[in-house]
Amino acid sequence: MPLLDLAPLANLVGLPETLLAPALILVSAYLLTPIELLLIPRRARAARNIFSILASGLQFVAFFDCACVRVDHTVPMMVLVQKLTNFAWACYDGTRSDKELTPEQKATEIRGWPSLLEFLGFVFYYPSFLVGPSIEYRAYQHFIRGTGDYRAVVEDNLLLAQGGSGVDPSKPGGGGRRVSTWPSRLVATARAVGIALAMFALNQSLSPSFNYERVAEDPTYAEYTGWPAWRRFLYCQVTGIVERAQFYVAWKLSEGACILAGMGFNGVDPVTGAPRWDRCANVDIFNIEFAENIRMYLSTLSMVTTCGRIARRQLRPLAHSIAGGRLLPIYHAAGWLATGAAVNYASPSFQLRRLDLAWRIWAADYFAGHIAMGVVLAADAIASSLPRQRPRSASSSSSRAAASSSSLTEGADAVVAALRSAAADPGAELVTATDSDAPKPRKRRSAAAMRHSG
């Protein structure tokens, strides 16, 4: 028998149980965080690790089999894969010398094995257990131990003492500067929750009319195929945004829970002195929806990343060179439209998780995205085979400029010398040259001198 029966609550709020269960897991983190902050001392590392393990286990058992409803459990498994992969690479970086590491690798390297309890606490950290973010172990270690940027969190007793002011952890002893941390935590948490609620309202208000499953199954599919091409295109663009909104809800709720727990603290802004709470930022919605190329959108989609690379390598220089760069706004707008079209064209397979249904939607559009991808790749192969003019290096350009300047100087000196010679002897013929072995000015012989010599 399941621990919880969500059917009455699902009927009350009007949500399917498959969506309600994950939503309750995310919201439960906001209830568990005050319990941890108020009942467990910040320096009780073992107790905090045990609390994370038990909280995540309770969430999984209580909500992932509610009323025998099948909830997709692969999402937390994916987050675990990311965490463990990053952990393995960080351990490998810890075996290398500092000279071989980049600054980013030095910040995440792990030298020395952690305790089993702390490792499990990191793996099952409850605010990010369901949908991430995939935090680094070093960040979690600093958070649990109250070191690094998180020293201010511990020294200020949950950032509530002394009127909610904290020390600047970037300087020894706090640098004598006080920063307001607890109010910004509340503001940052409220901002994340507010964005999540706005995305939830968008999804719930438009999803009955705009969803891939509705048009992929009969009898609506026959109506969908009868629409004109432009209408099907616009429908897929709007549907892609509406479907992604539900993921924005989950990511922003998870981010807000991490901020409320303190894990989202990312040090102090060196310019303004204000605390930053973006360490656990899962997604930047604006940059995703208004990305001008796929690299800005999601670099893990290797096939579409190729399109972004092609556009930057072939089209952007062309837009720069034509009409003095006045085509750049058109290039950026076209990049945004092409990126959105490519992502939304590929979205049915991700949203439906059924190849047969995604195949029907693509077939209704005559596989236009697949054909466009083939054309782009072929055009890139042809353009890459064409000879290219090698860019001039800075050293060769400077040497050519110096040589040109020297030639101009020598030419000017020769002209001045010729003018002086002509002024001294009006009968002299002006013959100038810039070469060192050029003939000297010659004197024109007068008619009397010629008769005398004859």
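**Figure 1. Buried residues and a kink in helix H2 of the predicted model.** The buried positions of H2 are Leu20, Ala21, Ile25, Leu26, Ser28, Ala29, Tyr30, Leu32, Thr33, Glu36 and Leu37. The helix runs over residues 17-39, and its 23 residues should span 33 Å at 1.5 Å a residue; the end C-alpha atoms lie 32 Å apart, which agrees. H2 has a kink of about 25 degrees at Leu31, and the proline Pro34 follows shortly after.

**Figure 2. The salt bridge between Arg232 and Asp365.** The two side chains meet with an N to O distance of 3.0 Å. Arg232 belongs to helix H12 (residues 229-261) and Asp365 to the loop between H17 and H18, so the bridge ties together parts that are 133 residues apart in sequence. Both Arg232 and Asp365 are buried. A search of the whole structure gives twelve salt bridges.

**Figure 3. The salt bridge between Glu255 and Lys252 in helix H12.** The closest N and O atoms of this pair are 3.1 Å apart. Because Glu255 and Lys252 are three residues apart in H12, about one helical turn separates them. Glu255 has a relative accessible area of 8%, under the 20% limit, and is therefore buried. Lys252 is also buried, with a relative accessible area of 9%.

**Figure 4. Salt bridges of Asp98 with Arg111, and of Asp93, Arg96 and Glu100.** Asp98 and Arg111 form a salt bridge in which the closest N and O atoms are 3.1 Å apart. This pair links distant parts of the chain: Asp98 is in the loop between helix H4 (74-93) and helix H5 (103-108), while Arg111 is in the loop between H5 and H6, 13 residues apart. Asp98 counts as partly exposed at 43% relative accessibility, and Arg111 is partly exposed with a relative accessible area of 45%. Asp93, Arg96 and Glu100 are linked in a network of salt bridges.

**Figure 5. Backbone at Tyr366 and Phe367, in the loop between H17 and H18.** Helix H17 covers 355-364 and helix H18 covers 368-385. Phi is positive at Tyr366, near 60 degrees, and positive at Phe367, near 50 degrees. Neither residue is a glycine. Most residues other than glycine have a negative phi. Tyr366 is exposed because its relative accessible area is 61%, over the 50% limit. Phe367, at 23% relative accessibility, counts as partly exposed.

**Figure 6. The cis peptide bond between Gly132 and Pro133.** Omega of this bond is about 10 degrees. Pro133 is in the loop that runs between helix H6 (116-123) and helix H7 (137-145). Most peptide bonds are trans.

**Figure 7. A nonpolar surface patch and Ala346 on helix H16.** Phe286, Phe290, Trp336 and Leu337 make a nonpolar surface patch of about 450 Å². Trp336 is placed in helix H16 and is partly exposed, with a relative accessible area of 35%. Ala346 lies in H16 (residues 328-352). With 37% relative accessibility, Ala346 counts as partly exposed. The C-alpha atoms of Ala346 and His370 are 9.4 Å apart in space, and the two residues are 24 apart in sequence.

Conventions: Residues numbered from 1 in each chain as written. Predicted model: local features only at pLDDT ≥ 70, side-chain atom pairs only at ≥ 80, totals over all residues. Heavy atoms only, no water. Helix = DSSP H or I, 4+ residues; strand = E, 2+ residues; numbered from the N terminus. Buried < 20%, exposed > 50% of the residue type's maximum accessible area, 1.4 Å probe, protein only. Expected span 1.5 Å × (residues − 1). Bend = angle between axes of the 7 residues up to and from the residue. Patch = residues over 30% accessible without salt bridge, like charges linked within 9 Å, V, L, I, M, F, W, Y side chains within 5 Å. Areas by Shrake-Rupley, 256 points an atom, 1.4 Å probe, with all protein chains shown as cover. Salt bridge = Lys/Arg side-chain N within 4 Å of Asp/Glu carboxyl O.
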